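Here is my note on the model you asked me to look over. Please read it with the structure open beside you.

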Amino acid sequence: MTTLSTRPVPAATAARQQDPERTARRTFMGPLIVFLAALSIFPLVFALLASFTDFKLGSSQPWRWVGFDNYVSLVSNPEIVATFGRTMTILVVALPVQLILGYLIAKVFYQIRSVPGAGLIRTLYLIPVMLPEIVVGLLFGYMLNSRIGIVNYFLGALGLPRVDWFGDPSIALFTIILMIVWQWTPLATIIIYGGLLGIPGEIREAGQIDGAGRLRQIFSLEIPLLRKVLGLVVLLVGIQLIGTFAIIYITTQGGPGSATTVLSYEIYRQAFVFFNTGFGSALSILTLIVVTVLSQLLVRAVFKEEK
């Protein structure tokens with residue numbers, strides 16, 4: 001007489017058999033994950049390899065391995081060092097302005113959150129974030145045009161001298177910063193606003209009972225509770241600031257001279273204008289390293305778990 005095996009089915013196998021939806025999700029997500037990985041990993045590996053060569057886009061000459069020569073040229077090139085400095089200027093100036101404005105406007109939105117029409121106001125306020133940077137560049141390019149711009153028209157009507165917003169090397173970079181702040185402050189605002197909504201009312205009431213004034217509530221209550229939210233804003237906005245490209249391409253193309261040439265625009269120029277693709281790849285890898293290091297330092301400082 002034959003006996004049937006009654007060995008128990010492993011728990012993991014039983015779970016898969018009982019959850020066919022999970023198997024289906026993994027089946028459909030697999031090709032997508034592979035595609036996204038290839039889309040991200042292949043350009044990175046290509047740029048890394050090209051950065052160690054004298055590769056020139058469009059040239060029929062074979063690549064020649066040059067080792068770290070491109071990287072040595074980067075750190076010893078005063079123009080590249082100045083370009084890095086301009087990028088850091090945008091980061092150091094625009095980031096605190098966006099944080100402060102974003103917080104103040106988020107506080108206003110929080111105070112009027114129950115007012116009829118507050119949702120519509122928030123939606124309209126987010127319009128700059130929804131616009132492509134090219135559109136923002138064209139918009140400000142017309143508004144701040146030195147001859148036909150509406151801003152200079154009003155300055156002339158008030159008897160004030162016209163300003164060459166994009167042609168004056170002393171103010172061109174700060175004009176770019178103004179455009180960036182206008183477009184991306186709403187992003188900081190809406191993230192901080194979400195953080196304010198997440199603060200429990202009991203904590204606010206406890207602070208009021210303790211007699212904490214408005215400033216004390218802000219610095220001793222809200223900001224510590226918003227630490228991770230503010231860290232997220234710094235991370236997202238900081239990466240965007242370092243990668244600023246389209247606005248500069250549309251308005252100044254790095255000029256006048258090199259007054260608004262930043263890392264992302266210099267990478268474009270080296271790789272696709274001068275066809276020094278190996279050198280441009282090295283600059284892109286160096287920029288990636290800088291962004292990664294700064295991001296990791298921020299994550300470790302802000303998002304570490306308190307013991």
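The points below go through helix packing, the region around one serine, the loops, the aromatic pairs and two further residues.

1. The coordinates come from a predicted model, and each value in the points that follow should be read with that in mind.

2. Helix H4, which covers residues 78-111, packs against helix H12, residues 227-242, at an angle of about 145°, and the two axes are 10 Å apart. The crossing of H4 and H12 is right-handed. On the H4 side the residues that take part are Thr 87, Ile 90, Leu 91, Ala 94, Leu 95, Gln 98 and Leu 99, and they meet Leu 230, Val 233, Val 234, Val 237, Gly 238, Leu 241 and Ile 242 of H12. Sorted by class, this contact between H4 and H12 is made of eleven nonpolar and three polar residues, with no charged ones.

3. Another residue of H12 that can be followed further is Leu 232, which counts as partly exposed because its relative accessibility is 33%, between the 20% and 50% limits. Setting aside residues up to four places away in sequence, Leu 232 touches Ile 191 and Phe 303. Between Leu 232 and Ser 40 the separation is 192 residues in sequence and 23 Å in space, taken from C-alpha to C-alpha.

4. Ser 264 belongs to helix H14, which spans residues 263-273. Is this serine buried or exposed? Ser 264 is buried, because its relative accessible area of 16% falls under the 20% limit. The side chain of Ser 264 reaches the backbone oxygen of Thr 244 at 2.2 Å, a value that you may wish to look at in the model. Apart from residues up to four places away in sequence, Ser 264 touches Ile 242, Gly 243, Thr 244 and Phe 245; of these, Ile 242 also appears among the H12 residues that meet H4.

5. The loop between helix H13 (246-251) and H14 holds Pro 256, and the peptide bond that leads from Gly 255 to Pro 256 is cis, with omega near -5°. Gln 253 is placed in the loop between H13 and H14 as well, and it has a positive phi of about 50° although it is not a glycine. With a relative accessible area of 48%, Gln 253 is classed as partly exposed.

6. A positive phi is also found at Phe 275, about 60° in a residue that is not a glycine. Phe 275 sits in the loop between H14 and helix H15 (277-302), and its relative accessibility of 39% makes it partly exposed. One residue in contact with Phe 275 is Gln 270, which is found in helix H14. Gln 270 is buried, with a relative accessible area of 9%, and, leaving aside neighbours within four places in sequence, the contacts of Gln 270 are Phe 275, Asn 276, Thr 277, Phe 279 and Gly 280.

7. How many aromatic pairs does the model contain? The count comes to 18 aromatic pairs. In one of them, the rings of Phe 68 and Tyr 71 have their centres 6.1 Å apart and their planes at 55°, so this pair is tilted. The two partners differ in accessibility class, since Phe 68 is exposed at 55% relative accessible area, whereas Tyr 71 is buried at 14%.

8. The rings of Phe 109 and Tyr 193 have centres 6.4 Å apart and planes at 85°, so the pair is edge-to-face. Because Phe 109 lies in helix H4 and Tyr 193 in helix H9 (residues 172-197), the pair ties together parts that are 84 residues apart in sequence. Phe 109 is buried, with a relative accessible area of 6%, and Tyr 193, at 7% relative accessibility, is likewise buried.

9. Finally, one aromatic cluster is formed by Phe 245, Tyr 249, Tyr 265, Tyr 268 and Phe 272. Of its members, Phe 245 is also among the residues that Ser 264 touches, which links this cluster to the residue discussed in point 4.

How values were computed:
Residues are numbered from 1 along each chain as its sequence is written. This is a predicted model: local features need pLDDT of at least 70, side-chain atom pairs count only at pLDDT 80 or more; totals for chains, interfaces and linings use all residues. Side-chain values use heavy atoms; hydrogens and water are left out. Axes are lines fitted to C-alpha atoms, for helices over the stretch in contact, and angles run from 0 to 180 degrees between N-to-C directions. Helices (H or I, at least four residues) and strands (E, at least two) are DSSP runs, numbered from the N terminus. A crossing is left-handed if the near helix is turned anticlockwise from the far one by less than a right angle, and right-handed if clockwise. Contact means heavy atoms within 4.5 Å. Ala, Val, Leu, Ile, Met, Phe, Trp, Tyr, Cys and Pro count as nonpolar, Asp, Glu, Lys and Arg as charged, and the others, Gly among them, as polar. Buried means under 20% relative accessible area, exposed over 50%, partly exposed in between (1.4 Å probe, protein chains only). A polar contact is a pair of N or O atoms within 3.5 Å; within protein, one must be able to donate a hydrogen and the other to accept it, and residues adjacent in sequence count only if both atoms are side-chain atoms. Rings of Phe, Tyr and Trp (its six-membered ring) pair if their centres lie within 6.5 Å; planes under 30 degrees apart count as stacked, over 60 as edge-to-face and the rest as tilted.
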